[in-house]
Amino acid sequence: MFYPIMGSSGSGKTHYILQKAGELALRGEKVIVIVPEQFSFETERSAYRLFGAEAALNIEVLSFTRLCSKVFYTYGGVAGEYISEVAKQTVISLAVGELADKLEIYSSAVKNPTFAVTILGAIEEFKNAGILPEQVAQTALEIKSSSLSSKLAELSEIYAVYKAMIDLGYLDSKDDLSRCVKMLEGHNFFSEYTVLIDSFMTYMAGEYALINHIVGEAKDTYITFICNSLTEQSGEMGVFSVAVKTAGRIIKMAKASAVEVHTPIKLTECPRFENAELAFLQQEYPQQIPEHYPDKVSAIKLVEAKDPYDEIAYVAATICKLVREDGMRYKDIAVIARNLARFGTAVEDIFERYGIPVFADKRDDLLAVPLVRGILAALDAIDKGFETQSLIAFAKSTLMGLSALEVASLENYCYIWNTKGAAWKNEFTANPNGLSDRFSDKDRKQLDEINVTRDKLIKPLITLRETVKSC
């Protein structure tokens with residue numbers, strides 16, 4: 001059965017999903033909870049905190065990406081190397097170059113260095129929407145506008161060549177959802193599970209296809225929607241219009257698969273807001289004709305500022321007042337922005353001037369963390385059989401604590417003597433200055449220092465390799 005769960009923001013949909021998942025897990029049933037990637041850790045932690053370790057083990061918290069990986073590990077599809085963003089740009093440039101003589105509409109644009117990147121962006125959008133090259137070509141034939149038709153026709157050719165080049169030796173993460181959906185054909189992968197999906201406003205084409213399998217195969221499916229009803233009352237321009245369309249589309253999927261659809265579970269309370277003014281605002285904001293708040297408003301202020309700096313200056317002054325005069329603590333105050341990048345520099349400059357400690361909740365590249373980069377370099381080195389490039393990358397990480405001079409001497413020796421895999425396990429004996437008639441005391445001293453560095457580098461990796469052999 002399919003259970004649609006409806007409610008506005010703060011109405012308790014996530015709490016409902018967690019309670020239902022815990023209830024099923026405590027009975028020993030298998031449960032999958034699907035949430036956006038950024039919510040997976042918090043959801044797992046909440047499940048553990050609410051129901052304990054034993055029940056939490058029966059609840060698999062996955063994103064759509066991790067669900068694809070689970071399917072690949074079950075039915076195959078893990079083998080292969082994923083293409084990097086840099087490699088994608090190289091391949092699209094090759095694809096455009098391959099067709100340069102045949103293009104007419106884009107013949108002049110091909111000479112522009114940014115053309116390939118722009119085309120790659122369009123292809124990525126096609127992939128997100130589940131559109132194949134042949135579908136683009138078919139659409140080009142059906143369009144009456146000759147200019148648009150020609151553009152789409154040439155775009156479909158570039159897309160087809162690009163896809164063929166990637167398929168020769170790489171996997172593309174953008175294709176994971178479509179690969180997963182194909183792999184699920186003929187299998188009842190979800191038949192033993194109850195699946196609960198939460199915190200999505202809408203879905204991409206590949207995710208809809210995956211949901212179609214889930215709804216049709218799972219014991220029961222629960223999906224939350226950020227809306228109060230299935231009826232669109234704002235001419236498709238309302239706050240919840242997208243969610244209403246999404247709910248309607250998935251309900252149609254369920255009926256097409258002969259799955260019974262439960263009466264929508266509507267959550268009308270709003271436990272998130274303790275403040276009456278915020279609760280009223282949340283309730284009335286989506287309405288076409290909102291009611292006026294009956295009492296004097298004191299908890300909500302609207303402030304017009306000239307620019308982001310002026311806006312953040314007001315925020316900083318208010319924070320200082322709250323801390324100094326009202327006895328609040330910095331950790332109790334949050335500043336929320338729709339686009340953090342727009343205010344990032346202003347926050348750093350102005351908050352520092354006011355002496356306000358701040359933590360910015362923004363995504364950082366994991367590879368920018370020295371510890372993580374060092375660990376990954378170590379694993380890469382043992383995985384590739386002590387390949388010199390991987391070992392030098394590990395040596396350069398702060399994890400080893402080697403000086404720049406030590407790393408430079410080691411790297412120079414490897415470059416001169418083309419050091420490879422097995423040679424790293426034995427003491428280096430060649431002259432660090434290359435082919436020479438003399439092997440001076442200075443050269444021997446330098447060689448000894450290089451061997452000390454080699455030992456520091458290779459011994460921990462040998463130990464690590466033995467430790468992870470059985471993993």
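Is serine 199 buried, exposed or partly exposed? The legends below take up this question after an overview of the predicted model.

**Figure 1. Overall view of the predicted protein chain**. The secondary structure of the chain comprises 17 helices and six strands. With a radius of gyration of 29 Å, well over the 23 Å that the globule rule gives for 471 residues, the chain is more spread out than a compact globule. Along the principal axes, its C-alpha atoms fill a box of roughly 95 × 70 × 55 Å. Of the 471 residues, 37% are buried. The exposed surface of the chain is about 28600 Å², and carbon and sulfur atoms supply 53% of that area. Among contacts with a separation of 6 or more, 70% link residues 24 or more positions apart.

**Figure 2. Confidence along the chain.** The average pLDDT of the protein chain is 91, and 99% of the residues score at least 70. Confidence is highest in strand 4, at a mean of 98, and lowest in helix 11 (residues 276-284), at 87. Where pLDDT is low, the predicted coordinates should not be read in detail.

**Figure 3. The open sheet of six strands**. The strands follow the order 3-2-4-5-1-6, and their pairing is parallel. Strand 3 (59-62) and strand 6 (265-266) form the edges, each pairing on one side only. In general, strands of a sheet pair through backbone hydrogen bonds, either parallel or antiparallel.

**Figure 4. Strand 4 and its two partners**. Five bridges join strand 4 to strand 2, and these two strands run parallel. Within this pairing, valine 33 has leucine 196 of strand 4 as its bridge partner. Strand 4 also pairs with strand 5, in the parallel sense, over four bridges. Here threonine 194 has aspartate 220 of strand 5 as its bridge partner. Five of the five residues of strand 4 are buried, so this strand is largely enclosed by the rest of the structure. Both of its faces are covered: Tyr193, Val195 and Ile197 are buried on one side, and Thr194 and Leu196 on the other.

**Figure 5. The largest nonpolar core**. This core contains 39 residues, and those touching the most other members are Phe2, Ile34, Phe190, Val195, Ile197, Tyr203 and Ile250. Several elements give two or more residues to the core, including strand 1 (2-6), strand 2 (30-34), strand 4 (193-197) and helix 9 (205-217). Helix 10 gives the most, with seven residues. In soluble globular proteins, nonpolar side chains tend to be buried together.

**Figure 6. The surroundings of phenylalanine 190**. When residues up to four places away in sequence are not counted, phenylalanine 190 touches Ile32, Leu67, Leu184, Val195, His213, Ile214, Glu217, Ala218 and Lys219. Phenylalanine 190 is also one of the core residues that touch the most other members.

**Figure 7. Two residues with positive phi**. Serine 199 lies in the loop between strand 4 and helix 9. Its phi is near 75°, a positive value in a residue other than glycine. In answer to the opening question, serine 199 is partly exposed, with a relative accessible area of 29%. Phenylalanine 386, which is not a glycine either, has a positive phi of about 60°. Phenylalanine 386 is found in the loop between helix 14 (370-383) and helix 15 (388-396). At 1% relative accessibility, phenylalanine 386 counts as buried, because buried means under 20% relative accessible area.

Conventions. Residues numbered from 1 in each chain as written. Predicted model: local features only at pLDDT ≥ 70, side-chain atom pairs only at ≥ 80, totals over all residues. Heavy atoms only, no water. Core = buried A, V, L, I, M, F, W, Y, C linked by side-chain atoms within 4.5 Å. Buried < 20%, exposed > 50% of the residue type's maximum accessible area, 1.4 Å probe, protein only. Contact = heavy atoms within 4.5 Å. pLDDT = per-residue confidence, 0-100. Rg over C-alpha atoms; globule rule 2.2 N^0.38 Å. Areas by Shrake-Rupley, 256 points an atom, 1.4 Å probe, with all protein chains shown as cover. Pairing = 2+ DSSP bridges.
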